[in-house]
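Okay, thanks everyone for coming. I'll walk you through a structure that may be new to you, so just follow along on the screen.

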Amino acid sequence: MTPIRVTIARRRADYFEAFHAILARRLLRFALLTLLVLVILDAARGWLRPPNHPRDVAALLLLEVAIAAVVWGVAYGTTVYLTAQRMYRTHLRVPGKTYTFDDSGVRYASATTASQTAWSAFASYRETPNLFLLFFPNRTFALISKRNVDDGRVDDLRTLLHARISK
């Protein structure tokens with residue numbers, strides 16, 4: 001197989017997309033769990049002292065949904081946005097990154113270092129509309145932008161990842 005080269009050109013939007021893909025479901029579950037806890041606490045309070053009017057119950061539920069939405073927004077903003085910003089700024093310090101994918105693994109080269117990673121070192125991968133995310137067992141990942149794949153060989157890279165890494 002002809003090696004597939006990817007020359008990395010960093011974009012802030014890539015990091016936002018990556019962290020959104022990784023964390024959005026977890027944050028939604030967290031917000032729904034928060035809503036469930038609030039509803040249970042209010043139900044327990046209602047068993048001790050019933051509400052005066054059904055309108056009070058509806059207002060309380062709306063308040064709880066609003067609280068859960070705020071919890072989700074704060075969690076999303078602090079984890080996805082800030083983490084993506086930090087990682088983007090850190091990666092800008094390493095210019096000229098190039099990944100080369102072939103049957104033996106992934107070769108990485110930059111202006112300061114070079115390394116090779118065997119396919120067995122990757123735990124899984126995920127594909128988003130614009131990215132491939134290659135995960136290591138410690139939950140860190142390599143971000144590969146589809147727009148940077150040389151010669152438009154995105155389908156070849158997808159096939160190689162599918163064959164070498166469990167999804």
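Let me start with a bit of vocabulary: a residue is buried when its relative accessible area is under 20%, exposed when it is over 50%, and partly exposed in between. So R164, with a relative accessible area of 38%, goes down as partly exposed. And keep in mind, please, that this is a predicted model.

Let's stay with R164 for a moment. You'll find R164 in helix α3. Its salt bridge partner is D103, and the closest N and O atoms of the two are 3.3 Å apart. That pair ties together distant parts of the chain, since D103 sits in the loop between β2 (98-102) and β3 (105-109), 61 residues from R164 in helix α3. D103 is partly exposed too, because its relative accessible area is 38%. Now for a contrast in distance: R164 and V70 are 94 residues apart in sequence, and from C-alpha to C-alpha they are 41 Å apart in space.

How many salt bridges does the structure hold? The count is eight. Take R107 and D102: their closest N and O atoms are 2.5 Å apart. D102 has a relative accessible area of 11%, so D102 is buried, while R107, at 30%, is partly exposed. Then there's R153 with D156, where the closest N and O atoms are 3.0 Å apart. Here the arginine is the buried partner, as R153 has a relative accessible area of 17%, and D156 is partly exposed at 38%. There's also a network of salt bridges, which links E127, K146, D155 and R158.

On to the holes. The largest pocket has a volume of about 290 Å³. Its lining is made of 16 residues, and the ones nearest the centre are I22, R26, F135, R139 and F141. Which elements give two or more residues to that lining? Those are α1 and β5 (124-127), and α1 gives the most, with four residues. By class, the pocket lining has ten nonpolar, two polar and four charged residues.

There's a cavity as well: searching the whole structure turns up one of 30 Å³ or more, and its volume is about 30 Å³. Among the residues lining this cavity are I8, R10, D14, Y15 and L143. The elements giving two or more residues to the cavity lining are α1 (12-48) and β7 (141-145). That lining divides into four nonpolar, two polar and three charged residues.

Let me go back to R139, from the pocket. R139 is in the loop between β6 (131-135) and β7, and its phi is near 75°, a positive value in a residue other than glycine. R139 is exposed, because its relative accessible area is 58%. D151 has a positive phi as well, near 60°, and again in a residue other than glycine. Look for D151 in the loop between β7 and α3 (154-164); with a relative accessible area of 74%, D151 counts as exposed.

Last stop, the surface. L33, L36, V37, I40 and L41 make a nonpolar surface patch of about 470 Å². One of them, V37, is in helix α1. Is V37 buried, partly exposed or exposed? V37 has 41% relative accessibility, so it counts as partly exposed.

That's my tour, thanks for listening.

Key
Residues are numbered from 1 along each chain as its sequence is written. This is a predicted model: local features need pLDDT of at least 70, side-chain atom pairs count only at pLDDT 80 or more; totals for chains, interfaces and linings use all residues. Side-chain values use heavy atoms; hydrogens and water are left out. On a 1 Å grid over the protein atoms alone, a cavity is a set of points where a 1.4 Å probe fits but cannot get out, and a pocket is an open set with protein on both sides within 12 Å along at least five of seven lines; lining residues have an atom within 4 Å of a point. Grid points are joined across faces, edges and corners, and a volume is the space filled by probe spheres set on the points. Ala, Val, Leu, Ile, Met, Phe, Trp, Tyr, Cys and Pro count as nonpolar, Asp, Glu, Lys and Arg as charged, and the others, Gly among them, as polar. Patches are made of residues with over 30% relative accessible area and no salt bridge: like charges are joined within 9 Å, nonpolar side chains (Val, Leu, Ile, Met, Phe, Trp, Tyr) within 5 Å. Accessible areas come from the Shrake-Rupley method with a 1.4 Å probe; for residues, only the protein chains shown count as cover. A salt bridge is a side-chain nitrogen of Lys or Arg within 4 Å of a carboxyl oxygen of Asp or Glu. Buried means under 20% relative accessible area, exposed over 50%, partly exposed in between (1.4 Å probe, protein chains only).
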